[in-house]
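Got your viewer open? Load the model, colour it by secondary structure, and let's walk through it stop by stop.

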Amino acid sequence: MASTAVQEVAMPRLSDSMEEGTVLGWRKQVGEEVAVGEELVEIETDKANMGYESDVAGTLLEIVVGEGETAPVGAVIARIGDSDAVLPAVEAAGPVAAGDPPLPPGRVKASPLARRVATELGLDLGALNGSGPGGRIVKKDVEAARRAPAAAPTPVVASGAPETAKGSVEVVEPTRLQQVVARRMSESKATAPHFYLTSEVEMTAAVAARARIKEISAEGDAVPSFNDMVVKACAIALRRFPRANGSYKDGRFELHSRVNVGIAVAAEDALVVPTVFDADKKGLREIAAESRSLAAKVRDGQITPPELSGGTFTVSNLGMFGVRSFAAIVNVPQAGILAVGEIADRPVVKDGQVVPGKVMEMTLSCDHRILYGADGAEFLAEVRRLLEEPVALAL
């Protein structure tokens with residue numbers, strides 16, 4: 001039996017939607033001392049790569065989940081305790097099931113994930129070398145063996161001929177974050193009945209207002225972007241239309257008391273959505289400063305779990321890439337997401353006259369289970385009204 005001084009480190013839940021995490025790297029090795037608050041391990045979650053700080057002190061006695069391996073939230077990934085503590089004598093592959101013969105002394109040490117992958121690929125674990133703690137075979141060892149050239153003769157291909165009609169193929173394994181994004185987007189489109197509402201916004205007054213704000217701003221002041229104006233307009237409208245700020249979950253409507261607007265930020269080969277909390281209660285400058293800080297943290301890999309949680313609505317803007325309009329996928333269980341396009345010079349009609357104007361298209365994607373056509377249309381009209389009369393954003 002293990003010493004009572006041994007404490008288990010579980011895979012932490014680092015985001016509200018995280019179900020499992022992948023260990024990217026251990027900051028400590030077995031036998032090293034760990035202090036409370038010291039970074040212990042880097043974990044890839046469904047939203048970002050994050051460092052996890054130890055909440056216990058002691059000696060790192062055992063690493064259960066090796067680098068490159070995935071474990072569900074709550075699973076033991078390491079053990080910390082007194083340097084002389086006795087660990088459980090459990091085979092790395094798990095306890096023997098009832099009725100199975102005893103483990104032979106020469107049984108290969110391998111993680112459960114490595115065993116499963118090896119079985120799927122038809123590889124013999126006994127022929128592999130383990131790079132994990134204590135020589136244990138981990139997933140990356142199995143994948144390396146799969147990629148190793150086979151001993152069998154290679155078929156001869158005619159000189160200069162492509163391997164396929166498409167040419168040579170490079171297979172790229174998606175990151176954990178990319179896998180989760182793919183899964184969540186597929187689930188959203190499969191389970192949430194989407195419909196879309198598109199509106200044009202005459203942004204001439206907003207462009208003039210931003211130019212004036214820039215003029216009177218002191219050096220170092222945060223100047224709101226047009227996206228910050230959209231976030232603020234959405235926040236005000238969300239307060240007035242609670243269903244747009246709600247969620248459809250387990251067959252019920254959940255109406256949230258706080259208005260927390262997520263802003264989609266392009267990270268390296270992925271999409272991350274940090275949250276501007278209580279955006280309806282914040283001024284444009286505050287939203288601008290916070291949005292820039294969050295975007296910088298995402299790109300630097302410094303974003304924290306609380307900053308990625310709690311969103312009640314999302315804004316996605318591709319206008320900076322010259323995109324005129326697009327329809328985004330709802331970030332379930334949220335009721336909707338607003339897709340924002342570029343601001344372009346186009347003719348508009350004012351007082352019966354055609355004059356130059358600044359026009360922006362925006363498309364609201366709605367989950368029809370909670371946000372119906374008329375509800376979505378009224379919400380979108382309110383966002384448009386606020387942007388066309390930008391003084392309302394300061395009230």
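The tour goes from the whole chain to two sets of paired strands.

Keep in mind that this is a predicted model, where local features need pLDDT of at least 70, side-chain atom pairs count only at pLDDT 80 or more, and totals for chains, interfaces and linings use all residues. Numbering starts from 1 along each chain as its sequence is written, and side-chain values use heavy atoms, with hydrogens and water left out.

Start with everything selected. You'll find seven helices and 18 strands; these are DSSP runs numbered from the N terminus (helices H or I, at least four residues; strands E, at least two). Of the 395 residues, 41% are buried, meaning under 20% relative accessible area with a 1.4 Å probe, protein chains only.

Next, select E17 (residues 336–350) and E18. They run antiparallel, joined by 13 bridges; strands count as paired if DSSP finds at least two bridges between them. Zoom in on valine 340, whose bridge partner in E18 is methionine 362. Then slide to the hairpin turn: two residues sit between the strands, and aspartate 351 has a positive phi near 50 degrees.

Now add E9 (residues 194–202). This strand pairs with E18 (residues 353–367) in the antiparallel sense, over nine bridges. Look for glutamate 202 opposite valine 359 of E18.

Last stop: an open, antiparallel sheet of four strands, ordered E1-E8-E6-E3. Which strands are at the edges? Select E1 (7–10) and E3 (33–34), each of which pairs on one side only. E3 is joined to E6 (residues 58–63) by two bridges, running antiparallel, and glutamate 33 has threonine 59 in E6 as its bridge partner.

Key:
Buried means under 20% relative accessible area, exposed over 50%, partly exposed in between (1.4 Å probe, protein chains only).
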